[in-house]
Amino acid sequence: MALAQPDPAAPGHGLLPERIAPLRGSLATTACMETLQVGYLHAVAAAAGCSLSQPFPDNGIDWHVSHSAAGHTVDDEVTIKVQLKCTYQIPPHPPGGAFSFTLDNAHLVKLARTPVSVHKILVVMLVPRSQDEWLRAGHDRLALRHCCYWTNLAGHPVTGRRRTTVRIPTSRIFDDRALCEIMTRVGVGGRP
C-alpha cells in the first residue's frame with residue numbers, strides 16, 4: 001500500500017489548519033493595519049541585516065532604515081527614509097504592471113522632493129479585508145498576507161487639488177532582497 005505524501009511546494013504546506021475565528025480586541029482596524037505593516041518592515045529589515053529607527057516626532061516619515069556594508073562607497077552606513085501605507089481596498093496580485101494609490105498632496109510633496117541627501121521610498125501593504133486572513137502560523141513559517149510593494153516617488157508631480165494618485169509597480173515587491181538591492185544602489189551614490 002502506498003501512502004500519499006503532502007507536496008512541500010503546495011500552497012499552505014507546513015501551516016496549521018484554519019481554526020474558528022477568535023474574539024479579537026476592539027482596536028480600530030486601521031490601527032491594527034499600521035501595526036501589521038510595521039511588523040512586516042521589521043521582518044524585512046532583520047532579514048536584510050538593517051537597523052531601524054523611528055523619528056520622533058515623525059514629521060511625515062515613519063522609519064529610517066540603515067545598512068552597513070563594506071561595498072558602500074559613499075559612507076560605511078547608508079540610510080533611507082520609509083513611509084508606510086496599508087490598504088485592503090486593492091485585491092492581491094493586482095492586474096497589470098502597477099496599481100493606483102492615492103496620497104494626500106502634503107505627503108506626496110515630502111516624498112517627491114528632489115534633490116535629497118537621504119532618499120525616501122513609499123511602501124504600500126495590501127492586506128485582506130478580514131483580520132482573520134492576515135496571517136497564518138505553522139511549525140516552519142509565519143505567513144503574512146498579502147504583500148508590500150515599494151516605489152521611489154522623487155520628482156513625481158502633484159496633480160490633484162488635495163490628493164494625487166500615484167502608480168505602484170507590482171514588480172517591486174518589498175522583501176529583504178529588494179531592501180539589500182536598494183541599499184546597494186544608495187551605497188554607491190545612486191537612487192533607490
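Thr-151 is placed in strand 8, strands (E, at least two residues) and helices (H or I, at least four) being DSSP runs numbered from the N terminus. The structure is a predicted model, in which local features need pLDDT of at least 70 and side-chain atom pairs count only at pLDDT 80 or more, whereas totals for chains, interfaces and linings use all residues. Residues are numbered from 1 along each chain as its sequence is written, and side-chain values use heavy atoms, with hydrogens and water left out.

With a relative accessibility of 4%, Thr-151 counts as buried, a class defined by under 20% relative accessible area, as against exposed at over 50% and partly exposed in between (1.4 Å probe, protein chains only). The side chain of Thr-151 forms a polar contact of 3.4 Å with the side chain of Arg-172; a polar contact is a pair of N or O atoms within 3.5 Å, where within protein one atom must be able to donate a hydrogen and the other to accept it, and where residues adjacent in sequence count only if both atoms are side-chain atoms. When neighbours within four places in sequence are left aside, Thr-151 is in contact (heavy atoms within 4.5 Å) with Ile-121, Leu-122, Arg-167, Ile-168, Pro-169 and Arg-172.

The chain as a whole contains three helices and nine strands, and its elements follow the order α-β-β-β-β-α-β-β-β-β-β-α from the N terminus on. Of its 192 residues, 35% count as buried, and among contacts with a separation of 6 or more, 66% are accounted for by residues 24 or more positions apart. Taken along the principal axes, the C-alpha atoms fill a box of roughly 65 × 45 × 35 Å. The accessible surface comes to about 11600 Å², with 54% belonging to carbon and sulfur atoms, as given by the Shrake-Rupley method with a 1.4 Å probe, only the protein chains shown counting as cover for residues.

Strand 8 belongs to an open sheet of five strands, arranged in the order 1-2-3-5-8 with mixed pairing, where two strands pair if DSSP finds at least two bridges between them. Strand 1 (51–53) and strand 8 are the edge strands, each pairing on one side only. On average, neighbouring strands of this sheet are turned by 30 degrees against each other, direction ignored; axes are lines fitted to C-alpha atoms, for helices over the stretch in contact, and angles run from 0 to 180 degrees between N-to-C directions. Strands of a sheet pair through backbone hydrogen bonds, in either a parallel or an antiparallel manner. Strand 2 and strand 3 pair in the antiparallel sense over six bridges, and Ser-68 stands opposite Glu-77 of strand 3. Helix 2 (residues 105–112) packs on the sheet through strand 3 and strand 5, its direction making about 130 degrees with that of strand 5. Helix 3 also packs on the sheet, where it touches strand 2, strand 3, strand 5 and strand 8, and its direction makes about 140 degrees with that of strand 3.

The largest nonpolar core comprises 29 residues, of which Val-65, Ile-80, Val-82, Ile-121, Val-123, Phe-174 and Leu-179 touch the most other members; such a core is a set of buried Ala, Val, Leu, Ile, Met, Phe, Trp, Tyr and Cys residues joined through side-chain atoms within 4.5 Å. At least two residues of this core are supplied by each of helix 1 (29–48), strand 2 (63–68), strand 3 (77–87), strand 5 (120–126), strand 8 (147–151) and helix 3 (176–187), and the largest share, eight residues, comes from helix 1. A second, separate core of 16 residues includes Ile-90, Leu-108, Ala-112 and Ile-168. Beyond its neighbours within four places in sequence, Val-82 is in contact with Ile-61, Asp-62, Trp-63, Val-65, Ile-121 and Val-123.

His-119, in the loop between helix 2 and strand 5, counts as buried at 18% relative accessibility. Its side chain reaches the backbone oxygen of Gly-190 at 3.3 Å, and the C-alpha atoms of Gly-190 and His-119, 71 residues apart along the chain, are separated by 9.5 Å. Gly-190 is placed in the segment after helix 3 and counts as partly exposed at 24% relative accessibility.
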